[in-house]
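Grab a pencil and work through these short exercises with the model open. Each one comes with a worked solution.

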Amino acid sequence: MKTLVVLSGKGGAGKTSVTAALAAAAARDLSGGVVLADCDVDAADLHLVTAPEVRREEVFIQGELASIDPDLCTQCGECLEHCRFHAVTEDFSIREEHCEGCGVCEAVCPSGAVRMEPRRCGRWFVSDTRFGPMVHAALDIGAENSGKLVTTVRKQADRLAEESGADLVLVDGSPGIGCPVIASLTGASAVLLVTEPGVAALHDLRRVMDLADHFRIPALAVCNKAGQSPAREAETEAYAEERGLLVAGRLPNDAGFVRAQERGLSVVEYDPEGLGAELDEIWRNVTSQLQLRGVKQCG
Amino acid sequence: MDAPARGGVPADAEQAVDAARDAAAEPGAGKARPADAGDADRAAWDVAARSRVRTTDMRLALASGKGGVGKTCVAVNLARVLADRGLRPVLADCDVEEPNAHLFFGPAELNRARDHFVPVPEIDNEVCLGDACRACVNACRFKALLAMAGEIMPFPELCHGCGLCGIVCPVGAVGSSSRHIGHTAELESEGVRLVSGEMRIGEAMAPPLIREVKARALEAADEDGLLLYDCPPGGSCPAVTSLDGADFVLLVAEPTPFGVHDLGLAVDLLHHLELPGAVVCNRADMGDPERVRRFCRERGLPLLAELPATARAAEVCADGRLLAREIPDFSERFDDLASAVLHSMEGAA
């Protein structure tokens, strides 16, 4: 079983559209099947294409949250002084979204007014989709611990894949290079970097490529929105060559992606002859790079 | 070593929030000025707005749930037109994982880099009671300390820098070391000051560096200047830290199914944080423009502007150039947007 993580550094480069298309190709071509994991728990969108039917829902509880009992609080100010996260207000209540659950306030409170309580951060789901099982999650609004929730999603997806003998776990990652991205990368066989021509996207590609290198995970790239700026595209290609980054394919800047999204379809389903064929090419490059077992011979 | 991040910005926006909620309840709230107002009207309005806007602590955040919808593009162009009006904006690029705003200010280069650190514990083994005590190991919520072969070992990468280990140690064996989290730098270009932060590769936690970026932006701002926060995507800690202390939030949206879904998450976050906001729809003709309009009506949010998707605009943005400088139509639209935003902020103050 292999794990492919789709990342981009920059948001909006097309991670989810590419993931959905690869999911359709994988469901069609892999004898053992594919398990999907939406690790963009902050702003999950893969479900808008895969239309999951939830068969298991779990509350995600992680870490702690401080609360101050106003009846016991003497307003001495110790907690306010010691909290390094500005989570205690001047009138001694807790700003939940700033509390790291470290317990400093509880330790320094002389009157026992602070209680640390288990903290609900979100929910996670195991679902059925037309491509195969999918693990996904919804972080509560403004909640912490997205990295830990990503780890939970990844572990559940790995377990499902092992149980069902799936050949591939396909992970839709989040933008950036911080904790949710690092959590989604852990233990991956390879990372597919979706980029687009442009100074911002190239800047972000360099950062996420450095991150993949840092964790020694082999990387492939897809250049989306090709044709948008030929000069910037050449720059991206030169960078890929310089870094020995295999470009698995190019996708034209095509309204078909949005139209497929409007219909809740992947482009492999929506436009199999056009964009779908381009995606198939990328899929073939990915499978050979990953040395995926269980790929059916296609006509 | 720099002091641990205590920067942040005090949340003093409660009154503003109440006022904005009242304002948002009125029909037509957030609408800048009559669409048919002439240039003279506009100039008069802008002068008046400048004198009325409480700019000393005016903080405008640009946010979105989804990445790639054009937050940075809107932020840099808005900063440009605000600077052209003499408002001396300071733009804080709070997306320290993938900072991009500086790319739009070429050839100006970021300079005066400052490194930033978070405090992590260092154990004095001469003093430490080791396995016999383990008070720090037991207290640490982040498993950043481990008892190994009789000694206590810190794992700096897991440390949140809360200081609890030092508080609970009965013998004062916990000293302070530091972990490098990244750096900040700034540039100035034709009246826009930009403060940018870049997180070290492999560092997982963005909020401490975001607080440094915001603190430095506040340092850079003139007393009657305007602060703009270009926020990272998503709705968890980096976005929350970036939005902290904002007076008003401009949500950048995109009329695709993904775009509107994630806009919904961003609006939920604003409600949660009790922040007033409005929407600008980018690439309005790319999906179904009605989708964003309908959303704004349903959620009671002013839609301040719609920006068209054109091949030329995409290329200018991809090249890291400013739409407000290069395409007259966009220059006008951003100018109108600036008026609308200032007006909305004034209403919220």
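**Exercise 1.** Find the strand that holds Met153(B), then say how Met153(B) is classed by accessibility.

Step 1: Met153(B) sits in strand β5 of chain B, residues 151–154 (strands are DSSP runs of E, at least two residues, and helices are runs of H or I, at least four, numbered from the N terminus). Step 2: its relative accessibility is 37%, so Met153(B) counts as partly exposed (buried is under 20%, exposed over 50%, partly exposed in between, with a 1.4 Å probe and protein chains only).

This is a predicted model, where local features need pLDDT of at least 70, side-chain atom pairs count only at pLDDT 80 or more, and totals for chains, interfaces and linings use all residues. Residues are numbered from 1 along each chain as written, chains are lettered from A and ligands numbered from 1 in written order, and side-chain values use heavy atoms, leaving out hydrogens and water.

**Exercise 2.** Place Leu80(A) and class its accessibility.

Step 1: look in helix α3 of chain A, residues 78–82. Step 2: Leu80(A) has 26% relative accessibility, so it is partly exposed. Step 3: ten residues along the chain is Glu90(A), and the two C-alpha atoms are 7.5 Å apart.

**Exercise 3.** How many disulfides are there over all chains?

Step 1: the search of the whole structure gives zero (a disulfide is a pair of cysteine sulfur atoms within 2.5 Å). Step 2: take Cys169(B), whose nearest cysteine sulfur, in Cys133(B), is 6.2 Å away. Step 3: for Cys281(B), the closest cysteine sulfur is in Cys296(B) at 7.9 Å, too far for a bond. Step 4: Cys281(B) is buried, at 0% relative accessible area.
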